[in-house]
Amino acid sequence: MTEEAQVPVTVLTGFLGAGKTTLLNRILTEEHGRRFAVIVNEFGEEGIDNDLVVDADEEVFEMNNGCICCTVRGDLIRILGGLMKRADQLDAIIVETTGLADPAPVAQTFFVDQDVADKTKLDAIVTVADAVHLSDQLGEHHEAEEQIAFADVVLLNKTDLVEASETNEVENRIKKINPFAKIIKTTHCSAPLHEVLGLDAFSLDRILEVEPDFLDSDHDHEHDDDVTSVSFTSETPLDLDKFQNWFGELLRTQGQDILRSKGILNFTGVDERYVFQGVHMLMDASPMGLWPEGKSRSSRVVFIGRNLENMNLLEGFESCKAH
Amino acid sequence: MQSTLSLDLHSQMSAFPNAQITELEKRGLNIQTDIPVVDAVTITESVAVSFGDGAVRFFRPGLAYTTVEAHKGVILSMVADTGGVLTGGDDGRFLRITQDGATEEIYKFDSKWVDCVASSKNYSACSSGNSAYVWDELHLRPTRLEHPSTIGGLAFDAKGRRLAVAHYGGATIWEKHKNRWKSSRLVWNGSHNQITFSPDGKFIVTAMQENALHGWRVRDKANLAMSGYPAKIKSFDWVEGTPFLVTSGAHEAVCWPFDGKFGPMERKPVCVASNNNELVTCVTALPGDDALFAGFRDGSVLAAEVSDSKGVIPIRKATGSEITAMAVSACNTHIFIGDAKGNILWTRLVG
């Protein structure tokens, strides 16, 4: 059977008033040659100027697949299924979530539903953050942290309304939660659209290209349930069996608190780079070609989540080293 | 009724059913429409087919097919109705379309999709969002029946009195008592999509978001779990006789027996029509017989009898696009087969 082109899906998150609809309308007017379907929630802030706008109810369903429980967006499965039957081919789909939405069920939908995974692909999660209010929102709402934690791109918007020092502070806060996200400072969401669309951020080979800002793992916390990130590297090759045992058990037992995980691994006796990424308990992994000539074969892993300091992550990772 | 299909076609069986053009393809109408085929239903001697361009096309023996431009977007659901079909679309319209091309708009929803439709001799029904809407013959205004989540499936029983509605967390059965619709809830965790009554009305079965079917015995709401599928079940149909519920979602057509008081409880299904480990994506029964057609992900179609686990008859060779719709015309004279890329076959079954 021939592989069919998958339609890219961009997810726009961000709190009410951050500027999601401004960005959406910019995409729709500036990319007018392309055919988009826009899936919006019914509490949208302003009108959206597009032929194909679908109202969604953000129905979060629990799915039970064997031993792994997770949540998916039931309405998205239904709507994407309907859109894929259209005779006119879509260039891309944009899903706008409500301000208080947790992005995990959206991302998990693309891992769990086979039809969705076959016909569409999650291109990127783009989070629009309000430079004026983000700090307060991060302290008050879990969802704000999750939206930053899941983001591939953060548009730090309304930077014209705050002092430069304040913008830098917010930027550091974002980096602490998510060292992978590309942060674009904007006013009126005026980011170049090629930095927002067509990123293919969830494909495994893209992980090889994104260099996270590696941080010290012992930064200070403001609350115990803050979302943070840790990263480790190892020049010593890892043992495949040891890693699988440790990582499998880790996701099974701590997957609720691990929002995202990504890594490139160097195993003894394996010539290819092994790349993985996970969303809570779900993960996707594959060998991704030989290591580049002349570059060091070092393993790197990054975790974004809550209570990471209680998971003995460093010890676990170190114990996977081959001796 | 005993069909002559088996005898007529067994002689044409080839060693590579996927690769070679079948006799049915040679004598039939093969068209590449490039428009995804969504669904097909039998309307007496003809077949109505819904497409991803919003049109319904009627295929009749010996005549050119006719096209009715019905919806602006995709036709999401279609069911046979007296002399035609009822359709629901992503343009929010619920339509009645007859074979002569007449289109009547029964209802228009503002911006919501019409996801599911159902028809019986007493009622017409559709769903949009969390609500089902039921029209009887006398009333122009529908009765609105509300549910806890978006509706995944609608079906009337064979007598046309009870309406089954599938949704998140189970299903609801509605029946009219003294001018009021009364509901009875069937509970099972998870999201439930297409729904069907067994021909005798004693069981209700849903296809779930998980790779499983779920059933209830209506009398006591006893649960029937039918799982173990490698893929989501997108298609099912009732094979007459026992009867069997034939389902897609596995590498064979999986047929569950629904005879006796217990139906498939504690019993194994019969599996027929195996095809090089390809996944079955669409099934349809041959009316009046214990035979069925299994459409595969590679576009091939086989016929098989439930009582014969070995013999298969090639109907269509692989096209590379999954089978999305099949229907057999009355008296089993013709079959329509369509796939996700819009390749269609309309051909005589008997020689």
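## Reading strands, sheets and burial in a predicted model

Modeller: Let's start with one pairing: strand β10 (residues 228–234) of chain A and β14(A) run antiparallel to each other, joined over seven bridges. Keep in mind that this is a predicted model.

Colleague: Okay. Which residue of β14(A) is the bridge partner of A:Thr228?

Modeller: A:Gly305 is the partner of A:Thr228. β14(A) also pairs with strand β11 (residues 258–265) of chain A, antiparallel and over six bridges. In that pairing, A:Arg260 sits opposite A:Ile304.

Colleague: How many residues of β14(A) are buried?

Modeller: Buried means under 20% relative accessible area. Seven of the seven residues of β14 (residues 299–305) of chain A are buried, so the strand is largely enclosed by the rest of the structure. You can check the two faces in turn: A:Ser299, A:Val301, A:Phe303 and A:Gly305 are buried on one side, and A:Arg300, A:Val302 and A:Ile304 are buried on the other.

Colleague: Now the parallel sheet. What is the order of its strands in chain A?

Modeller: Read across the open sheet and you get β3-β2-β6-β1-β7-β8-β9 in chain A, seven strands with parallel pairing.

Colleague: Which strands stand at the edges?

Modeller: Those are β3 (53–56) and β9 (182–185) of chain A. Each has a single partner strand, so one side of each has no neighbour in the sheet. As you step from one strand to the next, the twist averages 20 degrees.

Colleague: Can we zoom in on one pair? Over how many bridges do β7 and β8 of chain A pair?

Modeller: Five, in the parallel sense, between β7 (residues 120–130) and β8 (residues 153–157) of chain A. To find one by eye, go to A:Asp130, whose bridge partner in β8(A) is A:Asn157.

Colleague: Which strands does helix α3 of chain A touch?

Modeller: Helix α3 (residues 104–112) of chain A packs on the sheet against β1 (7–13) and β7 of chain A, and its direction makes about 170 degrees with that of β7(A). Compare helix α6 (residues 142–150) of chain A: that one lies across β1, β7 and β8 of chain A and runs at about 130 degrees to β7(A).

Colleague: On to chain B. How many helices and strands are there in it?

Modeller: Two helices and 30 strands. For overall packing, set the radius of gyration against a rule for globules. In chain B the radius is 19 Å and the rule gives 20 Å for 351 residues, so the chain is as compact as a globular protein of that length. The C-alpha trace of chain B spans about 60 × 50 × 35 Å along its principal axes, and 59% of the residues of chain B count as buried. Of the accessible surface of chain B, about 14,300 Å², 50% belongs to carbon and sulfur atoms.

Colleague: What about a single residue: is B:Ser50 buried or exposed?

Modeller: B:Ser50 has 1% relative accessibility, so it counts as buried. This serine lies in strand β3 (residues 46–51) of chain B. Beyond neighbours within four places in sequence, the contacts of B:Ser50 are B:Val37, B:Val38, B:Asp39, B:Ala55, B:Ile75 and B:Met78.

Colleague: One last feature, the hairpin. How many residues lie between β4(B) and β5(B)?

Modeller: Six, and in the turn B:Gly62 has a positive phi of about 75 degrees. The two arms, β4 (residues 55–59) and β5 (residues 66–69) of chain B, run antiparallel and are joined by four bridges. One of these pairs B:Arg57 with B:Thr67.

Note on methods. Residues are numbered from 1 along each chain as its sequence is written. Chains are lettered from A and ligands numbered from 1 in the order in which they are written. This is a predicted model: local features need pLDDT of at least 70, side-chain atom pairs count only at pLDDT 80 or more; totals for chains, interfaces and linings use all residues. Side-chain values use heavy atoms; hydrogens and water are left out. Two strands pair if DSSP finds at least two bridges between them. Axes are lines fitted to C-alpha atoms, for helices over the stretch in contact, and angles run from 0 to 180 degrees between N-to-C directions. Contact means heavy atoms within 4.5 Å. The radius of gyration is taken over C-alpha atoms; the globule rule is 2.2 Å times the number of residues to the power 0.38. Buried means under 20% relative accessible area, exposed over 50%, partly exposed in between (1.4 Å probe, protein chains only). Accessible areas come from the Shrake-Rupley method with a 1.4 Å probe; for residues, only the protein chains shown count as cover.
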